[in-house]
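Colleague: I'd like to learn how to read helix packing and burial off a model. Could you walk me through it?

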Amino acid sequence: MRLLTRCLAREIYASIALVFTALLMLFSFFDLIHELNVLGSGNYHLGYAMLFVLLTVPGRIYELFPVAVLIGAIFALTQMAANSELTVYRSSGVSLRQMVIALFKIGLPLVLLTYLCGEMIAPISERMAQELRLKAQNAEVSLREFRSGVWAKDERSFVNIKNVLPDTTLLNISIYEFDESYHLRAITAAKRAAYVEKNRWQLEDVTQTLFNTQGTTVNHQASMEWRSALNLGILRAILVGSKQMSILNLYQYIQHLRDNHQKTVSYEIAMWNKLVYPFAVLVMMLLALPFASHQRRQGGISAKIFLGIILGLAFHFVGKLFTNLGALNEWQPLLSAVAMPLLFLLLATGMLWMTERR
């Protein structure tokens with residue numbers, strides 16, 4: 001059993017590395033072409049574009065892991081079947097159950113690597129990539145969730161943010177404070193807001209309008225402290241999409257939205273996807289096994305690899321489509337996250353059952 005696992009691991013890991021190289025080169029080339037459209041904005045030149053693409057590679061690795069594992073495993077297993085290596089193993093008494101266990105052992109390090117890439121490397125590199133591009137373009141992010149900017153609920157206050165700089169400094173911010181009876185108590189407008197520490201911001205160039213029973217009072221201040229539940233993690237969700245956020249950041253942001261009675265479906269789907277997605281590697285390992293059940297006429301290897309590519313790309317793109325549909329239609333988050341891996345698991349199980357019946 002150990003000999004089988006070592007032999008399979010050597011062939012499968014080498015094939016996955018080869019497939020990964022090809023896929024990353026292809027997708028990075030497309031990303032670079034996309035970045036060429038914004039060359040010349042500020043100081044954003046070709047060197048920055050190439051560095052931006054390089055920083056987005058960890059995110060691509062995370063996205064393409066199941067696809068590369070499926071194609072690489074199919075390639076390795078069909079080659080071994082063509083050389084009668086798998087036939088020798090099966091003839092020597094290795095059962096289908098032992099083959100599946102061996103593949104799962106091989107897949108577990110890949111699951112951990114997927115999790116590591118998606119949780120620790122990709123979110124940081126993606127944020128660095130976005131900040132690099134914005135700084136090079138001398139740009140600021142214009143928040144356009146609504147025409148008036150983005151609105152956030154912070155306890156009994158509503159916050160309107162027009163712009164945010166790459167370092168998460170806020171520009172043109174308005175804070176509408178209400179009392180327990182939801183009567184407007186104060187409006188605070190600031191040209192700039194800088195993050196100080198947990199729950200503390202420093203507002204600059206402030207105009208504050210206070211409302212009371214005697215009338216209104218307008219105050220002008222050069223700076224003032226503002227305490228808010230908004231933090232850098234929440235603001236970085238603006239620069240980096242939910243798919244590039246870590247599970248911890250997603251969980252914290254979901255709790256913030258729940259505390260303020262806002263919709264959380266899209267972020268819950270993203271969080272469950274983060275939890276489930278690495279285990280899709282094991283599903284792809286299982287799906288690759290039926291392709292090596294027996295070797296047909298010459299040229300069969302190419303057909304199987306082509307079918308593997310189609311299945312892998314279908315998992316990648318249809319999975320994204322299903323996730324977006326789940327967010328739009330507010331489907332149950334866990335169901336939206338596990339639908340595609342579960343479908344491919346059923347497909348793999350069915351193919352193995354049909355293979356064993358022959």
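Modeller: Let's take the overall picture, then two helix pairs, then two single residues.

Colleague: Fine by me. What is in the protein chain, in terms of helices and strands?

Modeller: Bear in mind that this is a predicted model. The protein chain has 11 helices and seven strands. Of its 358 residues, 47% count as buried. If you take contacts between residues at least 6 apart in sequence, 62% of them join residues at least 24 apart.

Colleague: Now the helix pairs. How do you describe two packed helices?

Modeller: You give the angle between their axes and the distance between the axes. Try α2, residues 46–55, against α5, residues 96–136: their axes come within 8 Å and cross at roughly 165°. That makes α2 roughly antiparallel to α5, since angles over 145 degrees count that way. The crossing of α2 past α5 is left-handed.

Colleague: Which residues in α2 meet α5?

Modeller: From α2 you have Tyr48, Leu51, Phe52 and Leu55. On the α5 side, their partners include Ser125, Met128, Ala129, Leu132 and Ala136, along with Glu126, Gln130 and Arg133. Sort the residues of that contact by character and you get eight nonpolar, two polar and two charged.

Colleague: Is there a general reason for the spacing you see in lists like that?

Modeller: An α-helix has 3.6 residues a turn, so residues three or four places apart point the same way.

Colleague: On to the second pair. How far apart should the ends of α7 be, given its 13 residues?

Modeller: At 1.5 Å a residue, α7 (residues 247–259) should span 18 Å, and its end C-alpha atoms are indeed 18 Å apart. The same check on α8, residues 265–276, gives 16 Å from first C-alpha to last for its 12 residues, close to the 16 Å expected. After α7 comes His261, with a positive phi near 55°.

Colleague: At what angle do α7 and α8 cross?

Modeller: Roughly 155°, with the axes coming within 9 Å. So α7 is roughly antiparallel to α8, and α7 passes α8 in a left-handed crossing. In α7, the residues that meet α8 are Ile247, Leu250, Tyr251, Tyr253, Ile254, Leu257 and Arg258. Over in α8, they meet Tyr267, Glu268, Ala270, Met271, Lys274 and Leu275. That contact divides into 10 nonpolar residues, no polar ones and three charged.

Colleague: And burial? Which residues of α7 and α8 are buried?

Modeller: For α7, they are Ile247, Leu250, Tyr253, Ile254, His256 and Leu257. In α8, nine of the 12 residues are buried, so α8 is largely enclosed by the rest of the structure. Glu268, Asn273 and Lys274 are among them, as are Val265 and Val276.

Colleague: Last topic: single residues. Why does Arg60 count as buried or exposed?

Modeller: The cut-off for buried is under 20% relative accessible area. Arg60, which lies in α3 (residues 57–82), has 19%, so Arg60 is buried. Leaving aside neighbours within four places in sequence, Arg60 is in contact with Leu24, Phe27 and Asp31.

Colleague: What about Ser28: buried or exposed?

Modeller: Ser28 sits in α1, residues 2–36. With 16% relative accessibility, Ser28 counts as buried. Not counting residues up to four places away in sequence, Ser28 touches Val53 and Val57.

Technical notes: Residues are numbered from 1 along each chain as its sequence is written. This is a predicted model: local features need pLDDT of at least 70, side-chain atom pairs count only at pLDDT 80 or more; totals for chains, interfaces and linings use all residues. Side-chain values use heavy atoms; hydrogens and water are left out. Axes are lines fitted to C-alpha atoms, for helices over the stretch in contact, and angles run from 0 to 180 degrees between N-to-C directions. Helices (H or I, at least four residues) and strands (E, at least two) are DSSP runs, numbered from the N terminus. Angles under 35 degrees count as roughly parallel, over 145 as roughly antiparallel, 65 to 115 as roughly perpendicular and the rest as oblique. A crossing is left-handed if the near helix is turned anticlockwise from the far one by less than a right angle, and right-handed if clockwise. Contact means heavy atoms within 4.5 Å. Ala, Val, Leu, Ile, Met, Phe, Trp, Tyr, Cys and Pro count as nonpolar, Asp, Glu, Lys and Arg as charged, and the others, Gly among them, as polar. The expected span of a helix is 1.5 Å times one less than its number of residues. Buried means under 20% relative accessible area, exposed over 50%, partly exposed in between (1.4 Å probe, protein chains only).
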